[in-house]
Amino acid sequence: MTEHKLKSKEHAAEKERQQTKEPSLYRVLLLNDDYTSMDFVIHVLERVFHKSAAEATRIMLNVHKKGAGICGVYTREVAETKVVTVHEMAARKKYPLRCAMERE
């Protein structure tokens with residue numbers, strides 16, 4: 001391969017690396033309702049979001065008092081998976097717990 005072609009390929013590869021953007025991040029929120037038990041919300045936070053008991057309790061109280069609580073910040077695909085997982089867990093227990101995601 002000629003030196004010119006090699007430099008051209010190196011330049012193209014470097015330009016592609018420079019144009020690569022970080023993925024967008026999304027906040028995952030639990031939303032308050034009047035029926036889901038606080039214990040279940042804590043359970044979800046510990047299982048799905050890997051929160052300690054103390055952190056799960058703090059977030060649960062935010063959900064209860066402020067109407068919503070931030071569970072974490074993730075890439076779109078991870079956030080979507082966590083939202084679906086929460087909805088499935090809540091449905092199995094017949095709770096109306098809702099989870100949402102919003103772009104950072």
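These legends accompany close-up views of a predicted model.

**View 1. An open sheet of three strands.** The strand order is 2-1-3, and the pairing is antiparallel. Strand 2 (68–75) and strand 3 (98–103) are the edge strands. Each of these two pairs on one side only. From one strand to the next, the twist averages 25°.

**View 2. The pairing of strand 1 with strand 2.** Strand 1 covers residues 25–31. Seven bridges join strand 1 to strand 2 in the antiparallel sense. Val28 stands opposite Gly72, a residue of strand 2. Strands of a sheet pair through backbone hydrogen bonds, either parallel or antiparallel.

**View 3. Helix 4 on the sheet.** Helix 4 spans residues 76–92 and packs on the sheet. Strand 1, strand 2 and strand 3 are each touched by helix 4. The directions of helix 4 and strand 3 make an angle of about 165°.

**View 4. The largest nonpolar core.** This core holds 23 residues. Leu30, Val44, Leu45, Phe49, Val86 and Leu97 touch the most other members. Strand 1, helix 2 (38–48), helix 3 (53–66), strand 2 and helix 4 give two or more residues each. Helix 2 supplies the largest share, six residues.

**View 5. The surroundings of Val86.** Which residues does Val86 touch, not counting residues up to four places away in sequence? They are Leu30, Val44, Val48, Phe49, Leu97 and Cys99. Val86 is also among the core residues that touch the most other members, as are Leu30, Val44, Phe49 and Leu97.

Note on methods:
Residues are numbered from 1 along each chain as its sequence is written. This is a predicted model: local features need pLDDT of at least 70, side-chain atom pairs count only at pLDDT 80 or more; totals for chains, interfaces and linings use all residues. Side-chain values use heavy atoms; hydrogens and water are left out. Two strands pair if DSSP finds at least two bridges between them. Helices (H or I, at least four residues) and strands (E, at least two) are DSSP runs, numbered from the N terminus. Axes are lines fitted to C-alpha atoms, for helices over the stretch in contact, and angles run from 0 to 180 degrees between N-to-C directions. Contact means heavy atoms within 4.5 Å. A nonpolar core is a set of buried Ala, Val, Leu, Ile, Met, Phe, Trp, Tyr and Cys residues joined through side-chain atoms within 4.5 Å. Buried means under 20% relative accessible area, exposed over 50%, partly exposed in between (1.4 Å probe, protein chains only).
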